[in-house]
Amino acid sequence: IFVLWMLLLALLTGLLVGSGWALLTIVVLPVLAFATLAITERWSDAWTDIRRFFLLRRSDDLLRELRDTQRALALRLEEVRENSPPLPLLGAARPGIGKPG
């Protein structure tokens with residue numbers, strides 16, 4: 001439906017002010033539409049982050065639970081790292097990378 005609106009606006013522009021302006025309109029409108037979409041999505045993400053921030057600030061129980069989960073994951077990762085076999089040494093594009101230090 002947006003394509004139809006863009007074509008209609010380009011046609012009206014062409015009829016009112018000339019074909020050069022119509023061509024410019026048909027080129028600029030899609031760029032403007034994508035820019036608007038990107039800005040709108042960024043604003044939406046920002047509002048989501050703001051809501052999350054205030055939710056975490058208000059809820060001590062939730063924050064404590066998230067910290068406990070984070071601590072448990074860190075301990076689990078450390079355990080996996082300690083119990084995993086060492087990785088083989090591979091050659092690297094730059095000297096010093098992949099060599100025991």
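How many salt bridges does the structure hold? The structure holds four. A salt bridge here is a side-chain nitrogen of Lys or Arg within 4 Å of a carboxyl oxygen of Asp or Glu. The exercises below come back to some of them.

This is a predicted model, in which local features need pLDDT of at least 70, side-chain atom pairs count only at pLDDT 80 or more, and totals for chains, interfaces and linings use all residues. Residues are numbered from 1 along each chain as its sequence is written, and side-chain values use heavy atoms, with hydrogens and water left out.

**Exercise 1. Describe the fold and the surface of the protein.**

Step 1. Take the elements. There are three helices and zero strands. Helices (H or I, at least four residues) and strands (E, at least two) are DSSP runs, numbered from the N terminus.

Step 2. Read along the sequence. The pattern is α-α-α.

Step 3. Turn to burial. Of the 101 residues in the protein, 5% are buried. Buried means under 20% relative accessible area, exposed over 50%, and partly exposed in between (1.4 Å probe, protein chains only).

Step 4. Add the surface. The accessible surface comes to about 9500 Å². Carbon and sulfur atoms hold 68% of that surface. The areas come from the Shrake-Rupley method with a 1.4 Å probe; for residues, only the protein chains shown count as cover.

**Exercise 2. Place P30 and T25, and list their contacts.**

Step 1. Locate P30. It is found in helix α2, residues 19-58. P30 is partly exposed, because its relative accessibility is 27%.

Step 2. List the contacts of P30. Not counting residues up to four places away in sequence, P30 touches M6 and T25. Contact means heavy atoms within 4.5 Å.

Step 3. Look at the pair P30 and M6. They are 24 residues apart along the chain, yet their C-alpha atoms are separated by 7.8 Å.

Step 4. Move to T25. T25 also has its place in helix α2. T25 counts as buried, because its relative accessibility is 16%.

Step 5. List the contacts of T25. Neighbours within four places in sequence aside, T25 is in contact with L9, A10, T13 and P30.

**Exercise 3. Work out how α2 and α3 pack.**

Step 1. Recall the description. Two packed helices are described by the angle between their axes and the distance between the axes.

Step 2. Give both values. Helix α2 and helix α3 (residues 60-83) pack at an angle of about 100°, and their axes are 5 Å apart. Axes are lines fitted to C-alpha atoms, for helices over the stretch in contact, and angles run from 0 to 180 degrees between N-to-C directions.

Step 3. Classify the angle. α2 and α3 are therefore roughly perpendicular to each other. Angles of 65 to 115 degrees count as roughly perpendicular.

Step 4. Name the residues. From α2, L55, L56, R57 and R58 meet D60, L62, L63 and L66 in α3. The residues of this contact divide into five nonpolar, no polar and three charged.

**Exercise 4. Examine salt bridges within α2 and α3.**

Step 1. Start in α2. The side chains of R52 and D49 meet at 2.9 Å, N to O. R52 and D49 are three residues apart, so about one helical turn separates them. R52 is partly exposed at 44% relative accessibility, and D49 is partly exposed at 43%.

Step 2. Go to α3. R64 and D61 form a salt bridge at 2.8 Å, N to O. R64 is partly exposed, at 47%, whereas D61 is exposed, at 55%.

Step 3. Finish with D68 and R71. Their salt bridge has an N to O distance of 3.1 Å. D68 and R71 both lie in helix α3, three residues apart.

Conventions:
Parallel < 35°, antiparallel > 145°, perpendicular 65-115°, else oblique. Nonpolar A, V, L, I, M, F, W, Y, C, P; charged D, E, K, R; others polar.
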